[in-house]
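Biologist: I would like a close look at one part of this model. Please start with the surroundings, then go to the part itself.

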Amino acid sequence: MPERGGVLPRQVKLFGWVSLLNDFASEMIYPLLPAFIVGTLGGGPQALGALDGAAEFAAAFVKLGAGRLADRARSRGPLIVLGYFIAVVVRPIIAITGAAWQVIGLRVVDRLGKGLRTPPRDALIADVTPGELRGRAFGLQRGMDHAGAVLGPVVAWGLLASGGAHLRTVIGASIVPGVAVLVLAVWAVRDGGGRGKTVEDGGAATAFHRPPPSSTNSALVAISLFYLLRMPDTLIILRSQELGVPVAVVPLLWAAVHVVRSSSSFLGGAATDRVGPARTMWLGWLVYAVLAWGMARAGGAAAAWGLFLALGLVSGLTESPERALVARLAGARQGSGFGLYHGITGFAALVGGVTLGAVFQRYGAGPAFLASAAGGGAVVIVWPVVAREASTAD
């Protein structure tokens with residue numbers, strides 16, 4: 001049963017550490033992929049857009065099925081551990097690839113693992129956490145996830161700067177923190193994999209299994225539109241390189257971005273519990289629209305650093321409230337609720353990533369970022385009006 005008294009459950013803290021170590025391993029690789037694909041393997045911006053898009057599509061497809069399976073408490077543990085196992089094994093293989101399509105394929109398999117583990121993990125966190133603490137619970141998970149994304153790039157930069165390693169060596173070394181991920185994941189699911197109220201316990205199906213109110217539909221549509229219009233991180237990294245950030249320094253920039261993401265995730269989670277998820281998300285969308293416009297107009301490495309760091313606020317202000325909102329809407333079917341949420345946003349990220357990558361490659365970074373900023377601005381303007389009308393209709 002969920003713990004009370006304002007204290008986050010132990011399972012939430014354990015999954016925080018799992019997320020930290022997993023992102024440590026993952027982010028040793030991710031910020032190096034633009035240089036690896038474009039510089040080493042001869043790919044282009046569209047390949048980078050396809051990389052993120054195809055990866056998110058694969059994860060989205062699997063999340064829909066994994067979410068339904070995660071409605072049964074006994075299925076959650078195996079799904080979570082299997083998902084982490086796939087990622088830990090596949091990521092280092094990128095080091096021996098010889099073409100961009102091979103990297104994309106392996107990244108897709110990596111994201112398949114993410115698709116398997118994410119809905120059951122989020123469902124477990126939601127089930128064991130009191131409703132009034134869910135913003136902070138997901139804020140902790142997202143904050144520690146981003147903290148791991150600080151450690152990975154710093155270690156990658158240290159290996160590259162020492163002169164004793166090249167890109168392929170650093171990518172292969174991600175297996176080391178990956179092993180620790182598996183150990184902690186097994187511990188976490190044993191500690192809490194069967195707790196919380198699920199469909200097996202006779203909980204009533206709500207929200208995602210009956211027609212939701214129009215305000216709920218509006219929120220889900222708005223979230224999906226934001227993922228559709230948001231610029232993939234790989235293209236932001238590539239833009240930063242265009243503006244003068246050296247490849248060897250990119251891991252440090254990426255680590256600094258995640259310092260902002262980690263700290264702002266705790267703030268975003270607390271704000272969600274205080275003022276509600278809708279207002280917190282809206283602020284994140286507004287920040288993104290302004291900064292994407294700035295990225296289109298930027299003229300040097302210093303601007304790239306400042307804008308990319310500021311973009312870290314967007315994750316902190318959107319990820320925690322999104323998950324808290326889904327947990328509130330899903331009722332007893334937390335697995336299906338999170339599967340649907342992750343699936344829809346993943347499909348949106350696929351279309352957006354490929355489209356923005358194509359615009360980037362054909363017309364340049366400026367038009368691509370301006371288009372993304374304009375779309376984000378439209379969501380910011382329309383959302384308060386739609387939400388107000390939907391609330392009145394309900």
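Biologist: How much area does the chain expose, and what share of it do carbon and sulfur atoms supply? After that, take me through helix 5.

Modeller: This is a predicted model. The chain exposes about 14,600 Å². Carbon and sulfur atoms supply 67% of that area. Of the 394 residues, 60% are buried. The chain has 15 helices and zero strands. Take contacts between residues at least 6 apart in sequence: 86% of them join residues at least 24 apart.

Now helix 5. It covers residues 100–128, which is 29 residues. At 1.5 Å a residue, helix 5 should span 42 Å, and its end C-alpha atoms are 42 Å apart, so the two values agree. There is a kink in helix 5, though. It lies at R117 and amounts to about 30 degrees. The proline P119 follows shortly after R117. Helix 5 is also mostly covered, with 22 of its 29 residues buried.

Helix 6 makes a useful reference. It runs over residues 134–161 and has 28 residues. From first C-alpha to last it reaches 41 Å, close to the 40 Å expected. Just after helix 6, G163 takes a positive phi of about 80 degrees.

Last, the packing. The largest nonpolar core has 92 residues. I94, M231, W285, F308 and F369 touch the most other members. Helix 13, residues 301–330, gives this core its largest share, ten residues. Beyond its neighbours within four places in sequence, F308 is in contact with several residues, among them I236, I237, W254 and M295.

Notes. Residues are numbered from 1 along each chain as its sequence is written. This is a predicted model: local features need pLDDT of at least 70, side-chain atom pairs count only at pLDDT 80 or more; totals for chains, interfaces and linings use all residues. Side-chain values use heavy atoms; hydrogens and water are left out. Helices (H or I, at least four residues) and strands (E, at least two) are DSSP runs, numbered from the N terminus. The expected span of a helix is 1.5 Å times one less than its number of residues. Buried means under 20% relative accessible area, exposed over 50%, partly exposed in between (1.4 Å probe, protein chains only). Contact means heavy atoms within 4.5 Å. Accessible areas come from the Shrake-Rupley method with a 1.4 Å probe; for residues, only the protein chains shown count as cover. The bend at a residue is the angle between axes fitted to the seven residues ending there and the seven starting there. A nonpolar core is a set of buried Ala, Val, Leu, Ile, Met, Phe, Trp, Tyr and Cys residues joined through side-chain atoms within 4.5 Å.
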